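Morning, everyone. Please pull up the structure, and then I'll take you through two topics.

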Amino acid sequence: MTPTAIHIVDDDADVREGLAWLFDSRGHATAVWDSGVPFLEAVRALHGEWPQAVVLDVRMAPLSGLQVFEQLKAMACPWPVLFLTGNGDVGTAVSAVKNGAWDFLEKSFQDNVLVDRVEQALAAAVAEGDADHEAHRLRYALASLSPREREVLDQLILGHYNKNIADHLGITQ
């Protein structure tokens, strides 16, 4: 399994390195990016790897954090995104969270709060990924049933007993 990766995307080198040190000190693997463009290129190669999270600065160039987030959504990237900003804008925060961001924190955050929120996001992403995997496994199992097995299952779902199903379908129990 790939170690947990926290992608830190911020145009401020001091912030990037400080956050990388913080997460590394808590046992998380990190990757740092100075802008959204190289990060998005890397995401295309890493898309299927779990678990991953993104800590994304709102104000960057040439792509803002919000623009990077929109591109992640367009790629159907399942990774949770937590926004950081030095300029707290309530409207931007509400909009980002409504559009699927995990959280929106001001850069005057406490270290433990940020780490806790990222770990919560990673745990939720893992749980969602496990649920998706289980749903895929069940869909595959259902699709692999023969037509007769499907008839039996349909009767079971309706709450009928084995004996009644066998009588109804003209088969043995």
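I'll start with the pocket and then turn to the aromatic rings. Keep in mind that this is a predicted model.

First, the pocket. The largest one has a volume of about 210 Å³. It is lined by 16 residues. Closest to the centre are Cys 77, Pro 78, Trp 79, Pro 80 and Gly 100. Two elements give two or more residues to this lining: helix H3, residues 65-74, and helix H5, residues 111-143. H5 supplies the largest share, with four residues. What is the split of the lining into nonpolar, polar and charged? Twelve are nonpolar, two are polar and two are charged.

Now the rings. We describe an aromatic pair by the distance of the centres and the angle of the planes. Searching the whole structure gives three aromatic pairs. Take Phe 69 and Phe 83. Their ring centres are 5.4 Å apart and their planes sit at 80 degrees; the cut-off for edge-to-face is over 60, so this pair is edge-to-face. Phe 69 is in helix H3 and Phe 83 is in strand E4, residues 81-85, so the contact ties together parts 14 residues apart in sequence.

Next, Phe 83 with Phe 104. That pair is tilted, at 5.9 Å centre to centre and 40 degrees between the planes. Phe 104 lies in strand E5, residues 103-106, and Phe 83 in E4, so here the parts tied together are 21 residues apart in sequence.

Buried or exposed, these rings? Phe 69 and Phe 83 are buried. Phe 104 is buried too. Put together, Phe 69, Phe 83 and Phe 104 make one aromatic cluster.

Notes:
Residues are numbered from 1 along each chain as its sequence is written. This is a predicted model: local features need pLDDT of at least 70, side-chain atom pairs count only at pLDDT 80 or more; totals for chains, interfaces and linings use all residues. Side-chain values use heavy atoms; hydrogens and water are left out. On a 1 Å grid over the protein atoms alone, a cavity is a set of points where a 1.4 Å probe fits but cannot get out, and a pocket is an open set with protein on both sides within 12 Å along at least five of seven lines; lining residues have an atom within 4 Å of a point. Grid points are joined across faces, edges and corners, and a volume is the space filled by probe spheres set on the points. Ala, Val, Leu, Ile, Met, Phe, Trp, Tyr, Cys and Pro count as nonpolar, Asp, Glu, Lys and Arg as charged, and the others, Gly among them, as polar. Rings of Phe, Tyr and Trp (its six-membered ring) pair if their centres lie within 6.5 Å; planes under 30 degrees apart count as stacked, over 60 as edge-to-face and the rest as tilted. Buried means under 20% relative accessible area, exposed over 50%, partly exposed in between (1.4 Å probe, protein chains only).
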